[in-house]
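Work through the exercises below with the sequence and the model side by side, trying each task before reading its solution.

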Amino acid sequence: SKAVFDGTTSWDGDNDELSYSWMLDGVELSTDPLFEAEFMEGDYLLEFEVEDGFGAQSRLTQAFSVDPI
């Protein structure tokens with residue numbers, strides 16, 4: 001199953017440039033704000049972290065499952 005992950009609406013109150021990190025079960029998948037990935041059946045833990053150049057960061061963690069069709 002394919003999924004699109006979109007962090008493009010992330011913003012910084014000071015308009016600082018942001019860096020992105022998408023981690024799946026502790027492994028970095030992408031550093032782009034928007035990307036697509038394909039998943040096999042199973043349970044996953046996704047973490048999305050956004051950081052500005054001064055070390056301020058925000059993190060979102062979401063568990064999800066891919067079921068057979």
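The exercises that follow go from the sheet to charged pairs, aromatic rings and loops.

This is a predicted model, in which local features need pLDDT of at least 70, side-chain atom pairs count only at pLDDT 80 or more, and totals for chains, interfaces and linings use all residues. Residues are numbered from 1 along each chain as its sequence is written, and side-chain values use heavy atoms, with hydrogens and water left out.

**Exercise 1. The sheet**

Work out in which order the strands of the open sheet lie, and which strands stand at the edges.

Solution. Begin with the terms: strands are DSSP runs of E with at least two residues, numbered from the N terminus, and two strands pair if DSSP finds at least two bridges between them. The open sheet has 4 strands in the order β3-β2-β5-β6, and their pairing is antiparallel. The edge positions belong to β3 and β6, each of which has a single partner strand, so one side of each is left without a neighbour in the sheet. On average, neighbouring strands of this sheet are turned by 30 degrees against each other, direction ignored, where the axes are lines fitted to C-alpha atoms and angles in general run from 0 to 180 degrees between N-to-C directions. For a closer look at one pairing, take β2 and β3, which run antiparallel and are joined by 3 bridges; the bridge partner of Met23 in β3 is Glu28.

**Exercise 2. Charged pairs**

Find how many salt bridges the structure holds, and determine which residues are joined into one network by salt bridges that share partners.

Solution. A salt bridge is a side-chain nitrogen of Lys or Arg within 4 Å of a carboxyl oxygen of Asp or Glu, and the structure holds 3 of them. One is formed by the side chains of Glu36 and Lys2, at 3.7 Å from N to O. This pair links distant parts of the chain, with Glu36 in strand β4 and Lys2 in strand β1 (residues 2–6), 34 residues apart. To describe their surroundings, note that buried means under 20% relative accessible area, exposed over 50%, and partly exposed in between (1.4 Å probe, protein chains only). Glu36 is partly exposed at 48%, whereas Lys2 is exposed at 60%.

Next, the side chains of Arg59 and Glu47 meet in a salt bridge of 3.7 Å, N to O. Here Arg59 lies in strand β6 (residues 57–66) and Glu47 in strand β5, 12 residues apart. A salt bridge also joins the side chains of Arg59 and Glu49, at 2.3 Å from N to O. Glu47, Glu49 and Arg59 are therefore joined into one network by salt bridges that share partners, and within it Glu49 counts as buried at 17% relative accessibility.

**Exercise 3. Aromatic rings**

Decide whether the rings of Trp22 and Phe48 are stacked or edge-to-face.

Solution. Rings of Phe, Tyr and Trp (its six-membered ring) pair if their centres lie within 6.5 Å; planes under 30 degrees apart count as stacked, over 60 as edge-to-face and the rest as tilted. By this rule there are 10 aromatic pairs. The ring centres of Trp22 and Phe48 are 3.9 Å apart and their planes stand at 25 degrees, so the pair is stacked. Trp22 belongs to strand β2 (residues 18–24) and Phe48 to strand β5, 26 residues apart, and both residues are buried. The two also belong to one aromatic cluster, which is formed by Phe5, Tyr20, Trp22, Phe35, Phe39, Tyr44, Phe48 and Phe64.

**Exercise 4. Residues in loops**

Locate Pro33 and list what it is in contact with, then determine which loops hold Asn15 and Asp25.

Solution. Pro33 sits in the loop between β3 (27–30) and β4 (34–38), and is partly exposed at 27% relative accessibility. Contact means heavy atoms within 4.5 Å; leaving aside neighbours within four places in sequence, Pro33 is in contact with Phe5, Asp6, Gly7, Thr8, Tyr20 and Trp22. Pro33 and Gly7 are 26 residues apart in sequence, yet 4.9 Å apart in space, C-alpha to C-alpha.

Asn15 is in the loop between β1 and β2, and has a positive phi of about 60 degrees although it is not a glycine. Asp25, which is in the loop between β2 and β3, has a positive phi near 50 degrees. Asn15 is exposed at 72% relative accessible area, while Asp25 is partly exposed at 48%.
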